[in-house]
Amino acid sequence: MAFDNPITTLPGSAITGPIDGGQLIDGSVVGTKLSADAIDGKVITGAVIRTTAGTPRIQLQSSDNTLTAEDGTTSFAQLTPGKLLFGGYNPNTGNKWTGGAAYITADLNTMTLVGAGDTTSGSADYAPRLIFDAGIFGLPKSELRLDSLQAGTPANFKLTGAVTKTGATWQTPSYGTNWAAGTSFNGNVGYHSLQYRLDAEDNVHMVGVFVAGATAPTNPVFTLPAGYRPAGSQPVWCQRNNGGVLTFGHLYVGTGGNVNVPTGSGLGIAAGNEYIVSGHFPLNTIP
């Protein structure tokens with residue numbers, strides 16, 4: 001039988017046994033006739049549950065376990081197991097790229113956040129993607145990249161404005177024995193003592209003055225910490241003042257971080273010498 005009118009029961013009574021879809025016609029179950037806990041704890045299988053017949057609405061789809069917010073024929077938000085999708089999804093075709101739509105996917109399984117937009121309507125082949133990848137659970141990874149859905153097809157990347165690498169502040173070295181910071185060079189005062197820092201492209205900059213003590217020191221002048229050490233030995237421009245005699249040369253930075261004053265580069269080491277540095281070297285960590 002079918003229920004042609006809203007279902008009602010007498011107080012204390014109930015409808016026993018299953019009611020299949022053939023027994024219910026449109027409008028036969030009225031929301032105002034259901035108590036708040038009428039289906040609490042019950043299992044509903046093979047169903048599509050919608051908050052309203054029209055749109056906008058929220059829909060729970062049992063066939064693929066998705067929760068969708070719809071507006072017309074387009075879904076602007078969808079929750080699937082482990083994923084959250086915003087914008088550009090067509091629930092009728094299952095195509096995220098229909099009509100050149102853009103979308104953002106948050107994938108909790110792979111810990112990625114992907115934003116993409118179609119450049120050829122109806123095709124996913126050339127859709128560029130901006131991806132933030134925090135790594136799969138338990139694996140340390142953090143990556144921000146722009147690529148293309150089609151293998152071997154690079155996506156163009158355009159950045160307008162300044163890029164600032166946060167946390168890359170000037171660092172003061174811990175000098176070796178009989179080496180020290182200086183603020184004057186060849187009678188000129190007001191210089192900064194030697195400091196170093198990373199820039200946004202993974203170059204280490206070294207600028208400022210250091211001096212040899214009253215007793216002639218030996219190498220290294222200081223040692224750069226991990227994260228500031230080059231993949232191969234690198235020179236850094238330096239000028240030496242040896243009692244008024246000025247010479248030019250290079251400091252050499254080794255892969256272990258030692259900053260040395262070599263005697264064969266136009267420089268040398270003697271008590272009371274002053275050294276002024278201005279240069280940078282690459283870490284070669286960017287492919």
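## Exercises on a strand-only fold

Ile-49 belongs to strand S1, which covers residues 48-50; strands (E, at least two residues) and helices (H or I, at least four) are DSSP runs numbered from the N terminus. The model is predicted: local features need pLDDT of at least 70 and side-chain atom pairs count only at pLDDT 80 or more, while totals for chains, interfaces and linings use all residues. Residues are numbered from 1 along each chain as its sequence is written, and side-chain values use heavy atoms, with hydrogens and water left out.

**Exercise 1. State how many helices and strands the protein has, and describe its burial, contacts and surface.**

Step 1. The protein has 0 helices and 19 strands.

Step 2. Of its 287 residues, 30% are buried. Buried means under 20% relative accessible area, exposed means over 50%, and partly exposed lies in between (1.4 Å probe, protein chains only).

Step 3. Among contacts with a separation of 6 or more, 44% join residues 24 or more positions apart; a contact means heavy atoms within 4.5 Å.

Step 4. The accessible surface is about 17,300 Å², and carbon and sulfur atoms account for 56% of this area. Accessible areas come from the Shrake-Rupley method with a 1.4 Å probe, and for residues only the protein chains shown count as cover.

**Exercise 2. Classify Ile-49 by accessibility and place it in a surface patch.**

Step 1. Ile-49 counts as partly exposed because its relative accessibility is 41%.

Step 2. Together with Ile-58, Leu-60, Leu-67 and Leu-79, Ile-49 forms a nonpolar surface patch with about 400 Å² of accessible area. Patch residues have over 30% relative accessible area and no salt bridge; nonpolar side chains (Val, Leu, Ile, Met, Phe, Trp, Tyr) are joined within 5 Å, like charges within 9 Å. A salt bridge is a side-chain nitrogen of Lys or Arg within 4 Å of a carboxyl oxygen of Asp or Glu.

**Exercise 3. Follow the chain from S16 through S17 to S18, and describe the surroundings of Asn-241.**

Step 1. S16 comprises residues 234-242 and contains Asn-241. S16 pairs antiparallel with S17 (residues 245-253) over 9 bridges; two strands pair if DSSP finds at least two bridges between them. Trp-237 is opposite His-250 in S17.

Step 2. The hairpin of S16 and S17 has 2 residues between the strands, and Gly-243 there has a positive phi near 65 degrees.

Step 3. Asn-241 is buried because its relative accessible area is 7%. Its side chain reaches the backbone nitrogen of Gly-244 at 2.8 Å, a polar contact (a pair of N or O atoms within 3.5 Å; within protein, one must be able to donate a hydrogen and the other to accept it, and residues adjacent in sequence count only if both atoms are side-chain atoms).

Step 4. Not counting residues up to four places away in sequence, Asn-241 touches Phe-185, Asn-186, Leu-246, Asn-273 and Glu-274.

Step 5. S17 then pairs antiparallel with S18 (residues 258-260) over 2 bridges, with Asn-260 in S18 as the bridge partner of Tyr-252. This hairpin has 4 residues between its strands, and Gly-257 in the turn has a positive phi of about 95 degrees.

**Exercise 4. Describe the S13 and S14 hairpin and the polar contacts of Asp-199.**

Step 1. The two strands pair antiparallel over 4 bridges, with Tyr-196 bridged to Met-206 in S14.

Step 2. Side chains alternate along S13: Tyr-196 and Leu-198 point to one face and are buried, whereas Gln-195 and Arg-197 point to the other and are not.

Step 3. The loop between S13 (195-198) and S14 (203-212) holds Asp-199, which is buried because its relative accessible area is 18%.

Step 4. The side chain of Asp-199 has a polar atom 2.9 Å from the backbone nitrogen of Glu-201, and this side chain reaches the backbone nitrogen of Asn-203 at 2.8 Å.

Step 5. The hairpin has 4 residues between its strands; Asp-202 in the turn has a positive phi of about 65 degrees.

**Exercise 5. Find the surroundings of Leu-283.**

Step 1. Leu-283 lies in the segment after strand S19 (274-282), and counts as buried because its relative accessibility is 6%.

Step 2. Leaving aside neighbours within four places in sequence, its contacts include Leu-198, Asp-202 and Val-204, as well as Gly-227 and Tyr-228.

Step 3. Gly-232 is 51 residues from Leu-283 in sequence and 8.3 Å away in space, C-alpha to C-alpha.
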